[in-house]
Amino acid sequence: MRTVHLFRLAGLLAWSVLCALALPARAADPHKLWEIVSQQCVPGMQAQGQPQPCALVDLEHGFVILKDIIGPAQFLLMPTRRMSGIESPELLAPDAPNYWAYAWQQRTRVAQALGRPRSDEQLGVEINSAAGRSQLHLHLHIDCMRRDVAASLGDHRDDPLRQWRAWYFEGHRYWVMRLPADALEHDNPFKLAADRSAYAAANMASQSLLLTGARFADGSAGLFLINMPVNFDLQEQGSAEVLMDHDCRW
């Protein structure tokens, strides 16, 4: 009987170790990013004109840029006001700032950090769904794209502009929209996602979006917007971040 108990104890200990090793990123302090923004970057900029530890604090437009701890060249764009994430209703307001436009303007930081040039097709801006994130403050990832993702998106170089089309990749179905190069002057990707339907607008927390550069069939430059919604049946938690390459191997 004692042997059985010992085996059970050993099994429980092994299970505990495995659980500890498998803890997701969300086990970390979910308010850490907001603390960095509100307690360090913004006060430092207001008091001394120093954005550290952020790389940039833009008080006029209400956002900061922070180097992420993951990857050699990944940066995060975050608002200076508190917003939980993609589901924040303020993002769909008529006068909402276009954080995507600000993030896309900051994409040159990736090449600067790497010390080598990056084409727009090699770069992306992404936000995860509520189920696919670890932090409770809105943040957009700015980093490198996977080469195979860019190659697959090439099949949509002739899609009608500003219309969602199914995109099949690695056995999954996502949605892609082709946009002109100047789209961010007029279009806000949050609102483009919400405009798909009333259901989409009411369930923004279940959406994940990625914006990347594109070269179309006629040789013109533009953008692709990808929508990767949550699909628990297929174990898809709405994290378009899987389409990025934080090691920038391409």
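Is Cys248 buried or exposed? Select Cys248 and you can see for yourself: its relative accessibility is 2%, so Cys248 counts as buried (buried means under 20% relative accessible area, exposed over 50%, partly exposed in between, with a 1.4 Å probe and protein chains only).

Before you click on, a word about the model. This is a predicted model, where local features need pLDDT of at least 70, side-chain atom pairs count only at pLDDT 80 or more, and totals for chains, interfaces and linings use all residues. Residues are numbered from 1 along each chain as its sequence is written, and side-chain values use heavy atoms, with hydrogens and water left out.

**Stop 1: the partner of Cys248**

Keep Cys248 selected and add Cys144. These two form a disulfide, with their sulfur atoms 2.1 Å apart (a disulfide here is a pair of cysteine sulfur atoms within 2.5 Å). Cys144 sits in strand S5 (residues 140-144) and Cys248 in the segment after strand S9 (221-227), so the link ties together parts that are 104 residues apart in sequence. Strands (E, at least two residues) and helices (H or I, at least four) are DSSP runs, numbered from the N terminus. Look along the S-S bond: with 95° about it, the link of Cys144 and Cys248 is right-handed. Cys144 has a relative accessible area of 0%, so Cys144 is buried. One more oddity: Cys248 has a positive phi of about 50°, although it is not a glycine.

**Stop 2: the other disulfide**

How many disulfides does a search of the whole structure find? Two. For the other pair, select Cys41 and Cys54, joined with an S to S distance of 2.1 Å. Cys41 lies in helix H2 (residues 32-48) and Cys54 in the loop between H2 and strand S1 (56-58), so this pair ties together parts 13 residues apart in sequence. The torsion about their S-S bond is about 85°, so this disulfide is right-handed. Both Cys41 and Cys54 are buried. Counting bonded cysteines along the chain, the pattern is 1-2, 3-4.

While you are here, pick Pro53, which is also in the loop between H2 and S1. The peptide bond from Gln52 to Pro53 is cis, with omega near 5°.

**Stop 3: two loop residues**

Now jump to Arg162, in the loop between helix H5 (147-153) and strand S6 (164-169). Arg162 has a positive phi of about 60°, and it is not a glycine. Its relative accessibility is 37%, so Arg162 counts as partly exposed.

Next, try His186, in the loop between strand S7 (172-180) and helix H6 (189-194). His186 is exposed, with a relative accessible area of 57%. Add Asn98 to the selection: the C-alpha atoms of His186 and Asn98 are separated by 9.3 Å, though the two are 88 residues apart along the chain.

**Stop 4: the floppy-looking numbers**

Colour by pLDDT, the predictor's confidence in each residue, from 0 to 100. The chain averages 89, and 89% of the residues score at least 70. Then select residues 1-27: pLDDT is below 50 there, and beyond near neighbours in sequence this stretch has six contacts in the model (contact means heavy atoms within 4.5 Å). Where pLDDT is low, the predicted coordinates should not be read in detail.
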